[in-house]
Each structure stands twice: as structure tokens, then as C-alpha cells.
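Here is a friendly walk through a two-chain model, written for someone who would like to follow along in a viewer. Please keep the structure open as you read.

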Amino acid sequence: MQALRMDQTQYDMIRRHGEETFPHECCGVLLGHAEEAANVVVDAIRAGNIRTDSAHNRYQIAPQELIRIQREARQRGLDIVGFYHSHPDHPAQWSKTDLAEAHWFGCSYVITSVVGLQNTGGAGTARCRATDTNAFLLTGTVEEDKRLDAQPMEVTATVSA
Amino acid sequence: MQIHIPTPLRQYTGKQATVHVSARTVAEALAGLTSQFPELRKHLYTEDGKLRAFVNIYRNDEDIRYIDGKENAPVNDSDSLSIIPSIAGGAPVAETTAANALTPEEMARYSRHLILPEVGEAGQLKLKNGRVLCIGAGGLGAPLTMYLAAAGLGTLGIVDFDVVEASNLHRQVIHGTGDIGRPKLDSAEDSLKAINPNVKIVKFETKLTSENALRIFKDFDIVADGTDNFPTRYLVNDACVLSGIPNVYASIYRFEGQASVFGAPDGPCYRCLYPEPPPPGLVPSCAEGGVLGILPGLLGMIQATETIKLILGEGEPLIGRLLLVDTLAMRFRELKLHKNADCPVCGSHPTVTKLIDYAEFCGIPAKSTVPASEINGVPQMEVGELKRRMDAGENVFVLDVREPFEFSIAQIGGHLIPLNDLPQRVRELDPNRETVVHCKVGGRSQRAAEFLAQRGFKKVHNLAGGIAAWSEKIDPSVPKY
């Protein structure tokens, strides 16, 4: 299957977003192109998590925000190739909820596990750390036969513009 | 008009990201789209022709669910429609996924539990899956929550909206000196997380009321009542019975305490024991009556023990038993409690089927912001007024009805006759003289003033707020205690 390709800057940014919103789930949109060998991420756009009622284990991107992101993507000649979110204190694996709520066939769902750190406090000590980041491709054609398949990720060195 | 097609559906529109249709309403536009590309239909609609729940349709920037007419909302050529499948997900919900294994860290932490036959790994897992709600993070709540956390309780909810004060520290060991001024919930959470980071702490920074109690209790299996007032005790009891969960109860007064488990299926509830609340003012709070600091420590531990026994299903819980603790004599006694078949809440024909106004039930008048000028016929005097009269040299006799040890801590020059001695010593007083009675906060002095008024004293006033108000508003050098 096609890999998901992104550069180091985007990879770090996705993971850092999860650390910033910990203990809540972060979420965002991956913009780029579907190429022969891989889906290439050109930009990762942060989005707001509207599940404020249960942000520690649920995320949702407001459709309105997505329209805005899509419009921006169109203007830049980019497509939506996937989404990313984090799992606070939970493995970087898709859950039943993740699969049930995934509808963007052919897109990648990238999940980062962020673990809380027990430390004795003090300003400047990290309170959490992003561990694994995994990508999953939503495969299938209809709701009834969809699955999230582990997708290889290629993280390339950032090329300066 | 344009319809923007999301990436996953472009394979059905010949890879087009935008499709043009002519239409006058949203429904017409979508119908035009699906007639051009019939494969789209099953992705957008359910079998009975409704839009799939996860499919969001936007006319420009508005969700059609919120536009007048919804799918029949009008569109014109300059509008665009966007089809946006939902983007959502999340980690599995901790509450519904039962823990079925202990981590190596947990095995090490709870090893002394694991080697007890009555606990073992199975029992420790029961604790890990347990959900207990503690009402109050104060005298009883402090030891209760700390030991439940240490024992490995999975989910611990705490209800408290109070702030840590210096006078809490002699007994509420979950809070430290550095926590004065902080919300009790935050201070408690820090202590509990330091003891055991595995516990999930759910904070409810609110007053428990008839409006929110049932909703809050819904996610818990056991309630431990650490309340400090009667209306809330009755509220907690009734809400537990209505929710079908047990209420691990304890109460303290000076040197004595009581503990029991109410609300068990065949057991009595709090109202079986105390069908009616005491008249307001009869039972002083810790602030008024004082409390030996270690007492709630002991009773809170008994509550923690009973809670753990209920979760493990081991031993004999205090159902139908009222444990009486006298710490001065260090004697423990027990009374049998029977479920009252006619109990209005838990009896066979309950009359209380929903939560009521408990302040009213306990005879506490609704708080008004205007201080009463008269209570039970006794005129109330503000501390400012007393100060004015004293400064003006008026012939006011100040009667202090507190205890001698209180007088030695702080006094404002009143004549001391402790409340209980008043009937014998009333002859020391002049019934025709302007008299202002005070105590610490105004409760005892009100009773004294009513007593004097009945004895024919015509010019008796109660000092509203007592010496505490005097210290607060007139002379801060008068010690607060």
C-alpha cells in the first residue's frame, strides 16, 4: 500500500500539538497530494477539538472549521489527505471509536500517544511526552466493510524552502 | 451552483473535486448530484433515504441542520454546497472498559493487598474498577479519599466548592499549610495524585443540590458522605436511595462519632434512623461547637474501610448497624438499626420519589441578603450600631454568653455568664436595662436573648454575627478563633 510521507517539521509539529493539549486530545488536518508511491503531506493544520465535554478521550473537528481549511487548501492547490489526533495516556492505536467515526476513505488517520509524566513539579519540567506516532489508512468502500490498516510512515528530512 | 466533493467521494464523481448543478433548494442540488453520480447515493443516504448522521451538508458556511427548512432551504447560483463527513474519534472510554489486568507497577504497589486471601488480584481488580463519590474534601473526606486512593480505587469523584482555611488544618490532613486559600478540590487532587497517580480523580466544584445530585451520582457505585450539614445529609441519603446505591455514612460531634452504611438494598436509610432533622441551631457545626481534630480522622478511616469492604464483598458491613464511637472513653458501641417499612424514602410505599427542597425540610429559611432586623421577636443589632452606642457613652449592658475559655481567647468587655448558667444567674441582670447579648457567631446569644425576653426583659437585643463579626468589621485586633 502507499506510505504516508511527511517531513520532519510536520512530524514534530503534530507530536508537539499533542503535548500542548495534554491531557486533552488534540486534532488537525493533513493537507497534501496523493502521489504514485505515497500520500504526501505538505502541511499539517491545527484544528480545535469541539468535544470540550470529554476532551480527554474524544475529539471532533467542527465541520465549519473544515470548510475553512478546505477552502484554504483549494486556494493552495492542496487536497485533504488525512487527519491527526492524540491519545493522552493511551497507545497510538486506533480504537473502536476511531474506526466508527472514520468516514474519509483513502485518507490517513495519524495517532500520537502522549504519556503524562510523574514529576515533582517545578517550573520548566515537562508534564508529558509524545511517544509513538502511527498512521492508519481508512480502507474499504462502504461503512460496512471499512477498516483502518496500519500504514507505513516515511519521515523525510526537512528541505529548506 | 457548485458542490464541493470531499476527497473520499471523488472516486465516485470521476475524480472531480467540484460538481456543478442547477437547483433551487439543497435537496434538489443533492438529487441532481446523485442522479449524475448514482454511486454516491449509498454513501450519502441510509436505506430509508435519510442523510447519514455523519454526513454534514453546508450551504456556504452554514450547517443545513440549523437553517430554516433544512434540506428544503433555498439555494441560488452563487451559493456553494460542501459535503463534509464528520471527523471525530477518540480513545476508548475508561469507564466502560473494565480493567482486567494489573500493570507491573500496580502489582508492586499493591503487593501487600495481593497476598491477602480476601483481596488477591481479583479483589484488587474490583478496587480498580470501583467508582466512589465522596461528598466533601474536609474532615471526613480527607482520610477517606487518601486511603481509598492509596488502596487503588479506580475512580474517585469528589464534591466540594470550599476553599482551604487555616482552621481546617488541624484535622483536614489532605491539605497543607501551603494550600491555604486554594480550592479544596485542587489541593485534594494534588495530594491524592502524589499518593497514587493511577487513581482517576473526578472533580465536582459545585454545591450538591436537588438539581444536580442524581446526574452526578449516576456514574458512581458507592457514595461516601463527608458532609457537614443536615440539608445535604438528607439530600445525599434520598439521592442514594433513588439511585439504588449505598451511602457510607459518618458524622462527628466534638469527641463522638457515628458510622453506618445506609441505602443498601434491604438495609435502612438515614431517614429510617432520623426521620426528621433537628431544629436549626440545635446541633452546632464544627465552627461553633468545636471538634477534636483526630475524630474525623478516625471516622473517615471507618468510612474508607466500609467502602473497601463493600467493593470487595468481604467481611460484615455496617448495614443495619450504627457504630457509636466515644474517643474520650475510647469505647465503641453498636446499635441495631431496622429498616422502617413505612420510611417515606426507602419503605414499601415511598412518598418521596424525587428530590425535594432540603433547606426547607430542615427549617432553614431561604438566605436573604438583607440581614433580619428581628428573629423570633428579638431585635438584632449590627456590630456597627453597638460600637456607636458604646462610643456615645450610652448605658448599654453587654452580656457575653460564651464559655470562660472562649472569653480568655477574645472578649469585648462584656459581662460573662455562660449560656447554660444563665437560668441560675439571671438575677445578676437588670431587666430594665438596655442589654445586648453576644456569643461567638450569634446562635447561642439568640437563644439567650429569647430566654431573657420570656423572663420579662424588655430591652434585649441580639448582636448579629457575634464577636466574630466584631473582629471582622470593627476591631481586627480581637482574635478570631
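Beyond its neighbours within four places in sequence, B:L419 is in contact with B:V401, B:R444, B:R447 and B:A448; contact here means that the C-beta atoms, placed from the backbone, lie within 7 Å. The residue sits in the loop between strand 18 (415–416) and helix 16 (422–425) of chain B. Helices (H or I, at least four residues) and strands (E, at least two) are DSSP runs, numbered from the N terminus. B:D400 is 19 residues away from B:L419 along the chain, with 8.6 Å between the two C-alpha atoms. B:L419 is partly exposed because 18 other C-beta atoms lie within 10 Å. The scale behind that word counts other C-beta atoms within 10 Å, again placed from the backbone: 20 or more means buried, 12 or fewer means exposed, and partly exposed is in between.

A word on the source: this is a predicted model, in which local features need pLDDT of at least 70 and side-chain atom pairs count only at pLDDT 80 or more, while totals for chains, interfaces and linings use all residues. Residues are numbered from 1 along each chain as its sequence is written, and chains are lettered from A and ligands numbered from 1 in the order in which they are written.

Two loop residues of chain B have a positive phi although neither is a glycine, B:N60 and B:M330. They are set out here.

| Residue | Phi | Loop in chain B | C-beta neighbours inside 10 Å |
|---|---|---|---|
| B:N60 | about 55° | between strand 3 (55–59) and strand 4 (62–63) | 12, exposed |
| B:M330 | about 50° | between strand 13 (321–326) and strand 14 (331–336) | 7, exposed |

Now to the interior. The largest nonpolar core has 67 residues, and B:V132, B:L156 and B:V223 have the most contacts inside it. Such a core is a set of buried Ala, Val, Leu, Ile, Met, Phe, Trp, Tyr and Cys residues joined through C-beta atoms within 7 Å. Helix 12 of chain B gives the largest share of this core, 8 residues. Apart from it lies another core, of 58 residues, which includes A:I69, A:W94, A:A102 and B:A23. Leaving out residues up to four places away in sequence, B:L156 touches B:V132 and B:L148, among others.

Helix 5 (residues 120–128) of chain B has B:G123, B:Q124, B:K126, B:L127 and B:K128 buried. Their cover includes helix 4 (111–114), helix 6 (141–151) and helix 12 (294–312) of chain B.

Chain A has 3 helices and 9 strands, in the order β-α-β-β-β-α-β-α-β-β-β-β from the N terminus. Of its 161 residues, 45% are buried. A cis peptide bond, with omega about 10°, joins A:F22 and A:P23; A:P23 is in the loop between helix 1 (8–21) and strand 2 (27–34) of chain A.

How many residues does each chain bring to the contact? Chain A gives 30 residues and chain B gives 23 residues. On the chain A side, strand 4 (59–61), helix 2 (63–75), strand 5 (79–88) and helix 3 (96–100) each supply at least two residues. Strand 4 of chain A and strand 6 (residues 87–89) of chain B pair in the antiparallel sense over 3 bridges, where pairing requires that DSSP finds at least two bridges between the strands. Within strand 6 of chain B, B:G89 stands opposite A:Y59.

Notes
Contact = placed C-beta atoms within 7 Å.
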